[in-house]
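Me: I'm new to looking at protein models. Could you take one part of this one and walk me through it slowly?

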Amino acid sequence: RVLWKIYFFLFFILTLTVFYPLFRWGLAKRERFPLAYKFMRYWSWWVLTLVGIRMRRIQKGVEPEAPFIICPNHSSYLDIITMCRVFKNYVVFMGKMEILTWPMFNVFFNTGMNISVDRSSMKGAKNAYDLAKEALQRGESIVLFPEGTIPNGAPELGPFKNGAFKLAKEMEVPILPVTFIDNVNRLQAGAALRVKGGPGPSRVVIHEAIMPDQIRSMTMSELKRNTFDIIKKPLDQNGD
């Protein structure tokens, strides 16, 4: 487990360094962001394949026409990189402000390709919300982890925040629930030498979308609960 983690992080850094000039070029202009996302997908394929993580996509419904809001559970540091393998078209990630301090990987957030959220500031949170609205208006889909962070008890779901559901109601776009079943076992968040980690499958369930007419018929609480239950079901079925 420890040796695999050392190998994973070294390979992650090495390949990110190799691809970095391509990312910088692709992120220099907004019109190149979809191309930069293709570079991310190609990079993520190399990382996941050569460290022994096998992606398996389980499709439960038809993917809605963009734009839509993707709501996945958050259980691992792998969630973003595996998400790049799941969706082939450019999607905008919303991530915590701390990502801006991560060497090299922060290039995906400090260039405008994705959106960082300062949860400690009402002004910062509103600014991120407004940027998400602009992305949806441009026809770009958003990835927004409704838990906001990786909960301590992952894969048990943490409480959902309102942002994704308020955005879906206001912009009248579908919500696409997503469940990562195995990522917590591949690379668990926490103390590097003690938590789970290793090669193996990474199953991701793409659920049927919750469409705008359904969203309008539900209160915010009902919409959050419905999405929570959809995401949670495969975790319960797999004993995680």
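Reply: Here is a walk through helix α2 and its surroundings, with a few stops further along the chain.

Keep in mind that this is a predicted model, so go easy on it.

Let's start with the core. The largest nonpolar core has 74 residues, and the ones with the most contacts inside it are Trp43, Phe87 and Phe108. Helix α2, which covers residues 33–50, gives the most to this core, with 8 residues. If you wonder about the general idea, nonpolar side chains in soluble globular proteins tend to be buried together.

Now zoom in on Trp43. Its relative accessibility is 1%, under the 20% cut-off, so Trp43 counts as buried. The structure holds 19 aromatic pairs, and one of them joins Phe23 and Trp43. Their ring centres are 5.8 Å apart and the planes are at 75°, an edge-to-face arrangement. This pair links distant parts of the chain: Phe23 sits in helix α1 (residues 2–26), Trp43 sits in helix α2, and 20 residues separate them. Phe23 is buried too, with a relative accessible area of 0%.

Stay around there and look at Trp45 and Trp46. Their ring centres are 5.3 Å apart and their planes are at 85°, so this pair is edge-to-face. What about exposure? Trp45 has a relative accessible area of 37%, which makes it partly exposed, and Trp46, at 31%, also counts as partly exposed.

Ser44 is in helix α2 as well. Is Ser44 buried or exposed? Ser44 is buried, with a relative accessible area of 0%. If you leave out neighbours within four places in sequence, Ser44 is in contact with Ile81, Cys84 and Arg85.

Phe87, one of the core residues with the most contacts, has plenty of partners of its own. Setting aside neighbours within four places in sequence, Phe87 is in contact with Tyr37, Arg41, Glu63, Phe68, Ile70, Leu176, Val178 and Ile206.

Next, hop over to another pair of helices. Two packed helices are described by the angle between their axes and the distance between the axes. Here, helix α5 (residues 163–171) packs with helix α8 (residues 220–237) at an angle of about 120°, and the axes are 10 Å apart. The crossing of α5 past α8 is right-handed. Which residues meet? From α5 come Phe165, Lys166 and Lys169, and from α8 come Met220, Leu223, Lys224 and Thr227. Sorted by class, that contact has 3 nonpolar, 1 polar and 3 charged residues.

While you're on helix α8, find Phe228, which lies in it. Phe228 has a relative accessible area of 16%, so it is buried. Beyond residues up to four places away in sequence, Phe228 touches Leu157, Gly158 and Phe160. To get a feel for the distance back to where you began, the C-alpha atoms of Phe228 and Val47 are separated by 30 Å, and the two are 181 residues apart along the chain.

One last stop: Arg119, in the loop between β4 (115–117) and α4 (122–137). Arg119 is partly exposed, with a relative accessible area of 43%. Not counting residues up to four places away in sequence, Arg119 touches Lys96 and Gly148. Take Lys96: it is 23 residues from Arg119 along the chain, and their C-alpha atoms are separated by 7.5 Å.

How values were computed: Residues numbered from 1 in each chain as written. Predicted model: local features only at pLDDT ≥ 70, side-chain atom pairs only at ≥ 80, totals over all residues. Heavy atoms only, no water. Helix = DSSP H or I, 4+ residues; strand = E, 2+ residues; numbered from the N terminus. Buried < 20%, exposed > 50% of the residue type's maximum accessible area, 1.4 Å probe, protein only. Contact = heavy atoms within 4.5 Å. Core = buried A, V, L, I, M, F, W, Y, C linked by side-chain atoms within 4.5 Å. Axes fitted to C-alpha atoms, helices over the stretch in contact; angles between N-to-C directions. Left-handed = near helix turned anticlockwise from the far one by under 90°. Nonpolar A, V, L, I, M, F, W, Y, C, P; charged D, E, K, R; others polar. Phe/Tyr/Trp six-rings, centres within 6.5 Å; stacked < 30°, edge-to-face > 60°.
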